[in-house]
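Here is a friendly briefing to read alongside the sequence and the model. It goes through the enclosed spaces, the ligand surroundings and the sheets in turn.

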Amino acid sequence: MMRRSNERKPLVKHIYTADPSAHVFNGKIYIYPSHDEDLDLPDDDDGGQYMMVDYHVLSMDDLDSECIDNGVALSFSDVPWVSKQMWAPDAVYKNGKYYLVFPAKDKDGIFRIGVASSESPVGPFVPQDNYIEGSYSVDPAVFSDDDGRTYLYYGGLWGGQLEMWQSGSFNKDEKRPEGDERALGPMFAEFNDDMTGFISKPKNLTILDERGEPLKASDEERRYFEGPWLHKFNGKYYLSYSTGSTHYICYAVSDTPDGPFTYKGRVMEPVIGWTTHHSILEINGEWYLFYHDSELSGGNNHKRCVKYTRLNIDSDGNIETIKPYD
Ligand code: FUB
């Protein structure tokens, strides 16, 4: 199949960008990425190299047009509760406003999830005074269901601190699940109408294997690590996510938004760089994957660039695995 002129190429080159959450608002494509800093920091397993301080919203009139950087939409110095590390955001349109939903470390060094709002999809966004009560960890993905309910999927292992909440409160020394123990899934919660809080207690989602058994912690090629995304296809809920340490994007399917989800397969093989993080979007009846790799920086894990490519889904809802460099 012929590729589009922008396909599988860095959408912007003047800044490093990652973790693209893409949406269509008013017929235009908006991308809400992390803004990677051009700093030379050593890699560690806690994500200390990801020192982002602000968000820029990118936009495109269509898939073939130039990708525009709309400047700083929210900076860490504008958010009263944030100390550092503004990681992967998402956005949603609700009740006539655009909401940016973002994770960052609070003053105690604990990842929380906050919300900021704007009249415009590109901001500037005005943050709420505090993070969402009961929120923790990273990688928020907001899903608006057909009935108007707004769900949040989030959570990341290791530097994303998800394991540290297994007891219900924060414990930085909490043991990670291992071996045959049930793997942690992403967290799930429902937002209230004005996006100021959760109306349900967050719960950890289960991903089942083909025998109906929860995926095990040792199953690193299939278990959840970070970067959840939710899209709906033919009435079913598709949860896609990164497997982190094995660098795949995988997907699992459910009849309900809060699972359990059953593992189905891979969306994409590994990209250049340690992390992989994506969003899935229908544009004019075709499906696209927005993702990142570290091609622009020659492989630096924390200097990434966002890209998109076509996603093929067959009539039964099976996703064809993407080989990003074929
Ligand atoms: O961008 C910082 C972190 O890297 C994100 O939270 C993860 O999903 C990974 O892409």
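The lining of the largest cavity in this predicted model divides by class into 7 nonpolar, 2 polar and 2 charged residues. That cavity holds about 50 Å³ of space. The count of cavities of 30 Å³ or more comes to 2, and the points below take them one by one before moving on to the pocket, the ligand and the strands.

**Cavities**

- Lining the largest cavity are R182, A183, L184, G185, L205, T206, I207, P214, L215, R223 and Y224.
- The second largest cavity offers about 40 Å³ of space.
- Around the second largest cavity you will find S21, P89, D139, P140, A141, P228, W229, H277 and H278.
- Sorted by class, the lining of the second largest cavity has 5 nonpolar, 3 polar and 1 charged residues.

**Largest pocket**

- The volume of the largest pocket is about 450 Å³.
- The pocket is lined by 22 residues, and those closest to its centre are H23, F143, S144, L230 and L281.
- Five strands are worth highlighting in your viewer: β1 (16-25), β6 (90-94), β10, β15 (226-233) and β19 (278-283) each contribute at least two residues to the lining of the largest pocket.
- In terms of class, 12 nonpolar, 5 polar and 5 charged residues make up this lining.

**Ligand surroundings**

- The ligand is surrounded by D19, S34, M52, W87, D139, E226, T275, H277, H292 and R304.
- How far is a polar side-chain atom of D139 from an oxygen atom of the ligand? The distance is 2.5 Å.
- For H277, an N or O atom of the side chain lies 2.7 Å from an oxygen atom of the ligand.
- The side chain of R304 also has an N or O atom 2.7 Å from an oxygen atom of the ligand.
- D139 and H277 appear twice in this briefing: they are among the residues around the ligand, and they are also among those lining the second largest cavity.

**The four-stranded sheet**

- An open sheet of 4 strands follows the order β10-β11-β12-β13, and its pairing is antiparallel.
- Why do β10 (141-144) and β13 (203-204) each have one side without a neighbour in the sheet? Both stand at the edges with a single partner strand each, so one side of each is left open in that sense.
- The edge strand β10 is also one of the strands that supply at least two residues to the lining of the largest pocket.
- Antiparallel pairing joins strand β12 (residues 187-190) to β13 over 2 bridges.
- On the β13 side, K203 is the bridge partner of F188.

**The five-stranded sheet**

- Another open sheet has 5 strands in the order β14-β18-β17-β16-β15, with mixed pairing.
- Its edge strands are β14 (207-208) and β15, each of which pairs on one side only.
- β15 (226-233) is another strand that gives at least two residues to the lining of the largest pocket.
- Strand β17 (residues 249-254) and strand β18 (residues 261-268) run antiparallel and are joined by 5 bridges.
- If you want a specific pair to inspect, C250 has R266 in β18 as its bridge partner.

**Confidence**

- The mean pLDDT of the chain is 97, with 100% of its residues at 70 or more.
- Which elements have the lowest and the highest mean pLDDT? Strand β5 (residues 82-84) has the lowest, at 97, and strand β16 (residues 236-242) has the highest, at 99.
- That same strand β16 sits between β17 and β15 in the order of the five-stranded sheet.

Note on methods:
Residues numbered from 1 in each chain as written. Predicted model: local features only at pLDDT ≥ 70, side-chain atom pairs only at ≥ 80, totals over all residues. Heavy atoms only, no water. pLDDT = per-residue confidence, 0-100. Pairing = 2+ DSSP bridges. 1 Å grid on protein atoms, 1.4 Å probe; cavity = no way out; pocket = protein on both sides within 12 Å on 5 of 7 lines; lining within 4 Å. Points joined across faces, edges and corners; volume = space filled by probe spheres on them. Nonpolar A, V, L, I, M, F, W, Y, C, P; charged D, E, K, R; others polar. Near = heavy atom within 4 Å. Polar contact = N/O pair within 3.5 Å; in protein donor to acceptor, adjacent residues only side chain to side chain.
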